[in-house]
Amino acid sequence: MKKGFLQGLIYFILFVVVTVMLFKNSALYGLGFLVLCMGVFCYSKRAAIFSMFGRTSYAKGDMQNGLAWFRKAYKSGVAKPQTIISYAYLLLKTGNIKDSEDILESLSRTKLETSDKMILKSNMALVQWKKSNLDDAISMLEEVIKSYETSNIYGSLGYMLIQKGDLDKALEFNLKASDYNSSNTIIMDNLGQTYYLKGNYDRAVEIYENLMESNPSFPDAYYNYALVLKAKDEFEKALETAKKALTYELSFLSTITKSQIDNLIDELEVLR
């Protein structure tokens, strides 16, 4: 850290000295030097710049433009591991399993920091889940979470344990996840869904009522809450909630499909 700081300081001092000398000689030379330096800097940081544009587009809901910027960052050949992993994640989210897996596997053969290895492995688990290798995906996440805890990993593993069908284990884990981060909407959706599947509708309603106050931005939460309300015979409210699920974008990583939402709405239209 100290060596890097000193090296950077030396470069900065040289830059200032050269710039001042050139401006003293000619303003045109000075401006030309600044433009050249800016060009070199932007080129060297092109992957970071492309990924910044990609994250901005993605945050605005423009998946395709975000993916295009991340593709440019990846193709630059100088992207950092986290940028490459983000690109692979977006590919998976749009349903491109093969390219996502190929990129992650290629990156795994390089020298990585421990945190990058764990993030890569957790994303590879998502690939395995979408390839219907649920047991492999769970094993990978269970291994990761032993030494690297994040809300995303708790959320992914919590859902996969529900899908596995061992509801006692799922409940134990999702309670632990809620202790880790009770403000995470995916974690709390998992917990509410687990209680629903175990038949504890009152506890599920309590969790989802609190969850709805944070306005979760993914359709799964509203669909699952509608199922709970349906089980409680609150058909009108369930219908309203199910329809709200349709206002949020579904992706390849969603745990539900549009047909499931449509079918639930049809059922509730009859029941109300």
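Modeller: Contact here means heavy atoms within 4.5 Å of each other, and the model we are discussing is a predicted one.

Colleague: Among contacts between residues at least 6 apart in sequence, what share joins residues at least 24 apart?

Modeller: The protein chain is built with 15 helices and zero strands. Taking its contacts between residues at least 6 apart in sequence, the share that joins residues at least 24 apart is 49%.

Colleague: What radius of gyration does the protein chain have, set against a compact globule of 272 residues?

Modeller: Along its principal axes the C-alpha trace spans about 85 × 35 × 35 Å. A compact globule of 272 residues would have a radius of gyration near 19 Å, whereas the value for the protein chain is 24 Å.

Colleague: Which helices does the aromatic pair of Y154 and Y180 link?

Modeller: The structure holds nine aromatic pairs. In one of them, Y154 and Y180 lie 4.7 Å apart centre to centre with 35 degrees between the planes, and this counts as tilted because the angle is neither under 30 nor over 60 degrees. The two residues are 26 apart in the chain, and the pair links helix 9 (residues 151-164), which holds Y154, with the helix of Y180, helix 10 (residues 167-180).

Colleague: Is Y180 buried, partly exposed or exposed?

Modeller: Its partner Y154 has a relative accessible area of 2% and is therefore buried, since buried means under 20%. Y180 has a relative accessible area of 37%, and a value between 20% and 50% counts as partly exposed. The term for Y180 is therefore partly exposed.

How values were computed: Residues numbered from 1 in each chain as written. Predicted model: local features only at pLDDT ≥ 70, side-chain atom pairs only at ≥ 80, totals over all residues. Heavy atoms only, no water. Helix = DSSP H or I, 4+ residues; strand = E, 2+ residues; numbered from the N terminus. Rg over C-alpha atoms; globule rule 2.2 N^0.38 Å. Phe/Tyr/Trp six-rings, centres within 6.5 Å; stacked < 30°, edge-to-face > 60°. Buried < 20%, exposed > 50% of the residue type's maximum accessible area, 1.4 Å probe, protein only.
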